[in-house]
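Student: I'm new to this one. Could you walk me through how to read its features?

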Amino acid sequence: MRKPKTQKRNKPVRVTMMDIAAAAGCSQAAVSFVLNDTPGTRISQQTRDRVWEAARELGYMEKTYATKASYSGLDNVIGFAVDQLATSPEAIVAIEGARQASWNAGNVLLVTQTLSDPVMEPKAIEALTSGGISALIYMTIYTRQVELPSYVCELNIPTVLLNCYTADHAFPAVVPSEIAGGQSSTRHLITHGHHRIATITGEIWMQAAQDRLTGYRRALATADIPFDPELVIEGDWSASAGYASTMKLLALKEPPTAIFCQNDRTAIGCYEALKDAGLRIPQDMSVVGYDDEEISRHLVPPLTTSVLPHLAMGQWAIEHLDAESIPGKRYPIAKLECSLVKRHSVAAPRAEARQILDGAHTSP
């Protein structure tokens with residue numbers, strides 16, 4: 001597809017959603033959902049007000065959409081519509097999984113970004129369908145329930161939802177098994193002898209953060225370890241939040257011996273905080289991440305983390321596009337495993353670590 005032509009602007013620096021997120025003190029995803037008025041998201045009015053105020057102050061005007069391409073005459077074309085491409089690598093990984101499965105069957109995959117915009121999303125999807133696509137994959141970058149617009153529901157082609165689902169389960173859908181992933185991560189720490197386990201969540205209005213926290217609590221309950229709300233710190237998926245949250249945990253009267261960071265970027269900040277506190281990983285503190293981003297294997301020590309199965313989800317979506325759509329039929333949501341990748345950031349708690357933590361807490 002041709003790259004859209006960029007318009008010349010008077011301002012030398014373009015304001016991005018990342019700039020607004022930094023100014024508003026929230027994630028880039030929250031900014032996108034607020035600015036695009038995405039339905040089905042539970043973001044507080046306070047956060048919404050901060051985002052709009054930051055956007056106005058920074059002069060944000062940017063909107064990026066896929067351009068309509070002419071590809072009539074191609075056979076076996078599968079459309080792939082995703083709300084965001086640049087927020088995180090998961091969309092690219094899912095697209096690659098779909099591409100592999102498509103090419104294996106001799107099909108072509110065409111992708112458009114929609115930003116969930118109520119005006120431009122229909123045009124972007126129309127650009128795909130007008131060329132004669134034989135099927136559609138509809139993806140959201142953050143796992144959530146969606147209200148599909150009528151123009152998607154009325155398409156007379158097989159449609160699969162990737163990383164999202166509808167309340168009526170009218171389409172085949174695939175999401176990560178986040179509750180099981182959070183449970184597996186926490187259980188891994190428990191099996192190494194940890195009982196004082198903290199977790200740093202993402203923004204708790206997101207389903208991924210809620211589900212991973214549910215998994216954490218289930219693992220504790222299964223092991224008869226009492227849940228302590230003092231050990232749960234809400235972050236925003238960023239390294240800076242991981243650093244600040246870890247410092248809060250270390251300042252507790254009874255600090256944890258292990259920390260479950262609910263994504264790898266949070267774990268990066270956690271690593272830095274522990275280093276600044278003079279603590280070693282895993283000798284003094286065990287750390288587990290989530291997502292298995294490329295950086296996780298290059299940290300020192302390499303980070304134990306869970307794989308987000310977006311490659312397999314992309315492949316699954318292609319494999320289930322031939323499912324016949326039957327009016328009134330309810331499709332179960334497929335949940336793919338977030339397998340744990342064991343590296344070197346977890347060890348049994350040691351008495352020496354407790355002495356170091358107690359000393360750090362009592363020192364002036």
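Tutor: Happy to. Let's start with a definition: two strands pair if DSSP finds at least two bridges between them. Keep in mind that this is a predicted model.

Student: Okay, which strands form the six-strand open sheet, and in what order?

Tutor: In general, strands of a sheet pair through backbone hydrogen bonds, either parallel or antiparallel. Here the order is β2-β1-β3-β4-β5-β11, and the pairing is parallel. β2 (108-113) and β11 (333-336) stand at the edges with a single partner strand each, so one side of each has no neighbour in the sheet. From one strand to the next, the twist averages 20°.

Student: How many bridges join β1 to β3?

Tutor: Five bridges join β1 (residues 77-82) to β3, and the two run parallel. To find your place, look at Gly79, which stands opposite Leu136 in β3.

Student: Which helices pack on that sheet?

Tutor: Helix α5 (residues 120-129) is one of them: it touches β1, β2 and β3, and its direction makes about 165° with that of β2. Helix α11 (residues 310-319) also packs there, touching β1, β3, β4, β5 (173-176) and β11, with its direction at about 155° to that of β4.

Student: What is the strand order in the open sheet of four strands?

Tutor: That order is β7-β6-β8-β9, with parallel pairing. β7 (232-234) and β9 (286-288) are the edge strands, each pairing on one side only. The twist here averages 15° from one strand to the next. Three bridges join β6 (residues 197-201) to β7, and Thr201 stands opposite Glu234 in β7. Helix α7 (residues 178-191) packs on this sheet, touching β6, β8 (258-261) and β9. Helix α8 (residues 207-222) lies across β6, β7 and β8, running at about 170° to β6.

Student: Now for a helix pair. At what angle do α1 and α2 cross?

Tutor: Two packed helices are described by the angle between their axes and the distance between the axes. The axes of α1 (residues 17-24) and α2 (residues 28-35) come within 8 Å and cross at roughly 105°. Since 65 to 115 degrees counts as roughly perpendicular, that makes α1 roughly perpendicular to α2. At the contact, Met17, Met18, Ile20 and Ala21 in α1 meet Gln28, Val31, Ser32 and Leu35 in α2. By class, that is six nonpolar, two polar and no charged residues.

Student: What about empty space: how much lies in the second largest pocket?

Tutor: The idea is that rolling a probe the size of a water molecule over the atoms shows where empty space is left. The second largest pocket holds about 580 Å³. It is lined by 31 residues, and the closest to its centre are Tyr142, Asp236, Trp237, Asn263 and Arg265. The elements giving two or more residues to this lining are α1, α2, β3 (135-145), α8 and α9 (239-250). The lining divides into 13 nonpolar, eleven polar and seven charged residues.

Student: Last one: where are the cis peptide bonds to Pro282 and Pro301?

Tutor: Most residues other than glycine have a negative phi, and most peptide bonds are trans. In this model, a cis bond joins Ile281 and Pro282, with omega about 5°; Pro282 is in the loop between α10 (264-276) and β9. Another joins Val300 and Pro301, with omega about -5°, and Pro301 sits in the loop between β9 and β10 (305-306). As for phi, Asn163 has a positive value near 70°, and its place is in strand β4 (residues 159-165).

Key:
Residues numbered from 1 in each chain as written. Predicted model: local features only at pLDDT ≥ 70, side-chain atom pairs only at ≥ 80, totals over all residues. Heavy atoms only, no water. Axes fitted to C-alpha atoms, helices over the stretch in contact; angles between N-to-C directions. Parallel < 35°, antiparallel > 145°, perpendicular 65-115°, else oblique. Contact = heavy atoms within 4.5 Å. Nonpolar A, V, L, I, M, F, W, Y, C, P; charged D, E, K, R; others polar. 1 Å grid on protein atoms, 1.4 Å probe; cavity = no way out; pocket = protein on both sides within 12 Å on 5 of 7 lines; lining within 4 Å. Points joined across faces, edges and corners; volume = space filled by probe spheres on them.
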